[in-house]
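Here is a short, friendly tour of one model. Have the sequence and the 3D view open side by side as you read.

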Amino acid sequence: MSKEELLAIVPCHRKPERCLKINGKPMALCARCTALYSSYLLLPFLYFVPQLHSLAIALLLQLPMLADGLSQKWKWRESTNPLRVVTGTMSGVGQCLFIWFIADWLSKALS
Ligand SMILES: [Zn+2]
């Protein structure tokens, strides 16, 4: 499987103007998706911060990306790549915390 075929299965609009650039060339994923998927690398480290394994925190961290993405989709405003990176990272961390919340809950429910 080539790199292009592998990346094709990752959901992303890939609009070049919304991608971070390396040496002037747009990355394969948009700024938001790059930040979101990259933040999944934090998942194992968040194990050591059980105070953050909260459903409320996980959901709250989704709000900035929803506000940024939806306000842009509804053409109220145009986002920027730095903002897409920040909100994508927050969302990705929130998704990691959601996974730990579920893991903790399952661990307690099954013991
Ligand atoms: Zn994307």
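How many of the nine residues of helix H2 (residues 31-39) are buried? Seven are, so H2 is largely enclosed by the rest of the structure; buried means under 20% relative accessible area with a 1.4 Å probe, protein chains only. Helices here are DSSP runs of H or I with at least four residues, numbered from the N terminus.

This is a predicted model, in which local features need pLDDT of at least 70 and side-chain atom pairs count only at pLDDT 80 or more, while totals for chains, interfaces and linings use all residues. Residues are numbered from 1 along each chain as its sequence is written, and side-chain values use heavy atoms, leaving out hydrogens and water.

The buried residues of H2, including Arg32, Thr34 and Leu36, pack against helix H3 (43-46), H5 and H6, where contact means heavy atoms within 4.5 Å.

Cys33 is also one of the buried residues of H2, and its SG is a donor of the zinc ion, along with Cys12 (SG) and Cys30 (SG), at 2.1 to 2.3 Å. Donors are N, O and S atoms within 2.8 Å of the metal (3.2 Å for Na, K and Ca), and water is not among the atoms, so the site may look incomplete. Along the chain, the donors follow the spacing C-x17-C-x2-C.

| Zinc donor | Relative accessible area |
|---|---|
| Cys30 | 2%, buried |
| Cys33 | 14%, buried |

Now to H5 and H6. Pro64, Met65, Asp68 and Gln72 in H5 meet residues of H6, among them Leu83, Arg84 and Met90. By class, this contact has four nonpolar, four polar and two charged residues.

Definitions and conventions:
Helix = DSSP H or I, 4+ residues; strand = E, 2+ residues; numbered from the N terminus. Nonpolar A, V, L, I, M, F, W, Y, C, P; charged D, E, K, R; others polar. Buried < 20%, exposed > 50% of the residue type's maximum accessible area, 1.4 Å probe, protein only.
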